[in-house]
Amino acid sequence: MSQSSKMRTLKPNTILDRESLVRFFHDHNINQVHLSKIWRLMIKDPHLGFDDIPGLPKAAASLLSENFCTLTSVLKETSDSKDGRTTKLLIELQDKQMIEAVIIRHSDTRSGGHTVLCVSSQVGCKMGCTFCATGTMGLLSQLTAGEILEQLLHAKIHLEKQQNNETQGTVNKKLERTEINFKKKKCLKGKIRNIVFMGMGEPLDNYDAVSEAIEGMHDRCRFNIAWNHITVSTVGVIPKIRTLATQFPHVNLALSLHAPNQEIRCKIVPSAKAYPMDKLMHALKYYIVCTNNKVFIEYICIGNVNVSEECAHELSKMMIHYLNEVEVDTGKKPQITTKEGLDE
């Protein structure tokens, strides 16, 4: 099955899909002055209908109601980590396929804490990385730009409900709040500030939809997220890395490297055969020169595969050779996964 056959047509479509909505307005002679009102009001309150949009003609509202809605997907389930800092959203698409998004809450920043959303760009993935559960699924279908943006809206709705519940709980139990609980609540609150394309799928393998979604995230009428608060993670689709650098010079790039040389990388990242390490490093250099941005290097430690002292030295030499300057943020001591554990 070709990649083009993985694309899907939604009926009704979501208003978050700008290209489809603008085309519909043009084809039906609806004044585009109403676009910003529709996005602003229906994103703020997803329960609103087109009949609730001030100044929108009834005939246009009727046509739009037959072909568009705010959300084409359904949030089926949420699950929180024990410490409350992450929430996984299980989302059912219009065709019943399932994707995941993850809300990640940070409290250790100078800003007093911020919230990140990790979004999916595909159902499944064809890259086949041996350490990735999604990679074992193969590519089932491409997400539309609207479906990517719907993950952000689902997260927004979930956080608002959570905050309303916490506010009510605070009022009811005001005297019971401790300083520890206050600090914890501080990190749990707040709207989505950052987006990372690190969920299901390879974002640069669905570039058109991802690029349109990035535009929608930044659009002031929709989600108004700063360019430099958006990060795209890739296993290394070289042509699209260059395109991303040109089209979105202020968007961040993360590379799933996971190996210090081509031989090891080919064993755990099959797509490395199509995108060799030396050409990949030159693409990163191009990105850095073109954007003046840093690149985030992602490296999963896999026992008996890529964590030897020799691997560390080789990785260091490669980074310095190609990228000249490398800042290392190790955070906590890494958890090393054994190759046997991956096979299981």
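Along strand β5, which side chains point to one face and are buried, and which point to the other and are not? In this predicted model, strand β5 spans residues 98–106. The side chains of I99, A101, I103 and R105 point to one face and are buried. Those of M98, E100, V102, I104 and H106 point to the other face and are not buried. The pattern follows a general rule, because side chains in a regular strand alternate between the two faces of the sheet.

The neighbours of β5 come next. Strand β4, residues 86–92, runs antiparallel to β5 and is joined to it by seven bridges. Within this pairing, L89 has A101 of β5 as its bridge partner, and A101 is one of the buried residues of β5. The two strands form a hairpin with five residues between them. In the turn, K96 has a positive phi of about 75°. Strand β5 also pairs with strand β6, residues 114–118, in the antiparallel sense over five bridges. Here H106 stands opposite H114 of β6.

Attention may now turn to the interior. The largest nonpolar core comprises 86 residues, and those with the most contacts inside it are L64, I195, F197 and M281. Helix α4, residues 145–172, supplies the largest share of this core, with eight residues. Domain 1 (13–69) and domain 2 (74–166 + 187–339) both contribute residues to the core, which therefore lies between them.

L64 illustrates the contacts in detail. Leaving aside residues up to four places away in sequence, L64 touches L21, F24, F25, I30, I38, F50 and L56.

Notes. Residues are numbered from 1 along each chain as its sequence is written. This is a predicted model: local features need pLDDT of at least 70, side-chain atom pairs count only at pLDDT 80 or more; totals for chains, interfaces and linings use all residues. Side-chain values use heavy atoms; hydrogens and water are left out. A nonpolar core is a set of buried Ala, Val, Leu, Ile, Met, Phe, Trp, Tyr and Cys residues joined through side-chain atoms within 4.5 Å. Buried means under 20% relative accessible area, exposed over 50%, partly exposed in between (1.4 Å probe, protein chains only). Helices (H or I, at least four residues) and strands (E, at least two) are DSSP runs, numbered from the N terminus. Domain bounds come from an automatic or database domain assignment. Contact means heavy atoms within 4.5 Å. Two strands pair if DSSP finds at least two bridges between them.
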